[in-house]
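I opened the model to see how its chains are built and how they meet. My notes are below.

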Amino acid sequence: MLRADGAGALVTAHKVGNQNLLAAACPRARALGLAVGMPLATARILVPGLDVRAADAEGDAAWLARLGLFAARRWTPRAAVSGPDGLWLDLTGTAHLFGGERAMGARILGFCRRLGFTARIAVAGTAGAAHALARFGGEPLILCPSGGEADAVAPLPLAALRLGEVASSAAHRLGLDRIGALLAMPRAPLQRRFGPELLTRLDQALGRAAEPFDPIVPEEPPSVLLRFMEPIAGAEAIEEAIAEAVRRLVPRLAAAGLGVRRLVLACQRVDNEEQHQYVNLARAVRDGDHLRRLLWATIATIEPGFGIERLRLTAARVEPLAPRPIDGALAGDGTAPDLALLVDRLAVRLGARRLYRLTARESDLPERSAARAGALEAAADWPRWPRPVHLLSPPEPVDQVMALLPDGAPLRFKWRGRAYRVAAADGPERVYGEWWRQAAEREAVRDYFQVEDETGARFWLYRKEDLSWHLHGVFA
Amino acid sequence: MHFAALPRDARLAALREEVRAIERSRFAAPAGAAPCLPFGIAEVDARLAGGGLAAGLHEAAPATPAANDEAAATLFLAALAARFAMARGEGGQVLWALSRRDLFAPGLAQAGLAPDRLIYAECRGDEEVLAVMEEGVRHGSLAAVVGEVGRAAMPALRRLQLAAEEGGTAALMLRRWKKANADPLGQPSAALTRWRLACAPSAPLPHDGIGRARWHVALARQRGGPPYEWLLEAPDAEARLALPARSGDRPDRAGGAQPVAVRPSVQAA
């Protein structure tokens, strides 16, 4: 028996019941005789060296949903996900915008190819026919002429009709393989023999029954657009405009139960240039006063030029925010103000990047042991080894070091032109280089000593593997 | 004014008396709802007007431009900030307005200032540090705000002190040496207390190693009280400073901790 060479053939497999079946196969694998639904064990015997990956149904669905959302934004207002492997686009009234159905189909195919997907498109008068032709038509782009659905689907297998397991296996037993064979039969016996499902699907494919679908509605971020009769340029006028925009935005957020995490203020100038100001918030907020104050703080960076014509305030990132009880005057006015509001204000003043916590990172090297985290995030503590208050970056070399033993603490050293005599010392604490980061650290070793001189000044010194000494930190 | 007719000396005396009365009333009942925060060391608290540190502006400076004294002043303020934060309970937060990048967070954590209580704000220059400190203390949501400042004008300090009292938040200011011969505490200030820190030799241990660090802590000036000076041990992981025990009568041997080297400061206020 001839055994094919499986190099380069890729399939995905998933578990159905207690069998591993192929979920998808690449063109090369199909050319070698593999088909979707075949047991994985059989496939492995037929094609040795087959590249098998686990099927990721959720990931596929997420990609499809993203593509559907993109289609709804870019190609047609009515798009929907169809099953695990398809999209429906309602081209009514939109195809001419892209130069006709053929040009639009070619464009969508090209877009998918650039994304790395192989797509097939069928355009037909009914959703059922398009569904069948796209999957069983055999060509990447099929345009079914208006009214020609019956002729187009006639040569296709029954599986193209989206039938359930029972109806399709019953039809198969009766030798009905093609849709055309069904079309030729009288309706009443079909109804009796296969139940209503088969006739419904057939009618949907031929346009005798309506088939509504539930389109994806892309979510637009809440935004407010202000147009001015006269261009505005003064700080007070912009202030007032921002206040008005916030006044209009907040009720919409409240109605939708949302709080803002990121605001974008777009000012369009008379010379058609658009300026953007961004405000990031530490926590979801829809407090008008707070938002207004943050936006006002950005006014200084707006360059109005000859004037601003339009101003758009967009809540670019929103999070659900439930209504909160007013903390009562009954409990006294002792409730502390919210720290998140202060963090927002400082972030606008300094830039969000310059406001942070430092949290422990798993590294023995002191200069790598702290990592930045968001200003309101949780932070982890460090292990309790002696650590200095100030860390020199980079460590400074010290000279004229004298030690009793080659691996002992120093007795005297000179740093920044001053000589120090060590009265007491603690150590060593050995720190190894992180060899997995770079080759140069493979041999690196540091022995840290905490030393105190006669006046009580404490330093953090280390000796490298080449016996050179450095001062890395200053203790209090 | 009713004393406009008095001679100049008498007028001055009357004004001085009035100012003293205002100050006395203030210290009899500390401003705002925030009570004074004691150090937890009887000998120190007894010398502080009000028995501790009130929410307001406090300054600390290294006694010399040496790197170690500066580290001591930094860690002293970190411990004070940690104590203010702990007094607020679980959620007490501290803002640290940085103007240099050499602060080492694990070192601060060892003085009791845990990383999830501390927010850093990187500032450019003294003006921005002062502005951030003022905004921080005025808001009232923080337990303390620490700022590193080289030079600050009196009006800015006075504003900061008022904002700190108003917000019930401690403003802790680290005054650094700008030049080798310019004492950062040489200029007048609106601060409630001004401290000067220097490292001192630690007690020798009976074995190898280094004992707990010690500092000369000088209260250079305080409102409503005289200056003073102590020898204290550096803060532990709970931000507690301590009086060193005399080697003859360590707490494990007899009696209890006895103060040593407690003497009135010769420093004029």
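These entries cover chain B, its contact with chain A, one sheet and one helix pair.

**Entry 1: the model.** I noted at the start that this is a predicted model.

**Entry 2: chain B on its own.** I looked up the secondary structure of chain B and found six helices and eight strands. I then read along the sequence, and the pattern is α-α-β-α-β-α-β-α-β-α-β-β-β-β. Next I checked burial: 46% of the 269 residues of chain B count as buried. I also looked at contacts in chain B between residues at least 6 apart in sequence, where 66% join residues at least 24 apart.

**Entry 3: the contact between the chains.** How many residues does each chain put into the contact? I get 43 from chain B and 45 from chain A. On the chain B side, I listed the elements that supply at least two residues each: helix H3 (67–87), helix H4 (105–109), strand E3 (118–122), helix H5 (125–139) and strand E6 (193–200). Which of them gives the most? It is H3(B), with six residues. I sorted the chain B side by residue class and got 27 nonpolar, 11 polar and five charged residues.

**Entry 4: strands across the contact.** I found strand pairing between the chains. Strand E12 (residues 355–360) of chain A is joined to E3(B) by two bridges, and the two run antiparallel. In this pair, Leu355(A) faces Ala121(B). As a reminder to myself, strands of a sheet pair through backbone hydrogen bonds.

**Entry 5: a sheet in chain A.** I traced an open sheet of four strands in chain A, ordered E8-E11-E9-E10, with antiparallel pairing. Which strands form the edges? They are E8 (223–232) and E10 (274–285) of chain A, each pairing on one side only. On average, neighbouring strands in this sheet are turned by 15 degrees against each other, direction ignored. I followed one pair further: strand E9 (residues 258–269) of chain A pairs with E10(A) over eight bridges, in the antiparallel sense. There, Leu265(A) stands opposite Gln277(A).

**Entry 6: a helix pair in chain A.** I looked at helix H5 (residues 127–136) and helix H10 (residues 196–206) of chain A. Their axes come within 5 Å and cross at roughly 90 degrees. Angles of 65 to 115 degrees count as roughly perpendicular, so H5(A) and H10(A) fall in that class. Ala127(A), Gly128(A), Ala129(A) and Ala132(A) of H5(A) meet Arg201(A), Gln204(A) and Ala205(A) of H10(A). I counted the residue classes in this contact: four nonpolar, two polar and one charged.

How values were computed. Residues are numbered from 1 along each chain as its sequence is written. Chains are lettered from A and ligands numbered from 1 in the order in which they are written. This is a predicted model: local features need pLDDT of at least 70, side-chain atom pairs count only at pLDDT 80 or more; totals for chains, interfaces and linings use all residues. Two residues are in contact if their C-beta atoms, placed from the backbone, lie within 7 Å. Ala, Val, Leu, Ile, Met, Phe, Trp, Tyr, Cys and Pro count as nonpolar, Asp, Glu, Lys and Arg as charged, and the others, Gly among them, as polar. Two strands pair if DSSP finds at least two bridges between them. Axes are lines fitted to C-alpha atoms, for helices over the stretch in contact, and angles run from 0 to 180 degrees between N-to-C directions. Angles under 35 degrees count as roughly parallel, over 145 as roughly antiparallel, 65 to 115 as roughly perpendicular and the rest as oblique. A residue is buried if 20 or more other C-beta atoms lie within 10 Å of its own, exposed if 12 or fewer, and partly exposed in between; C-beta atoms are placed from the backbone.
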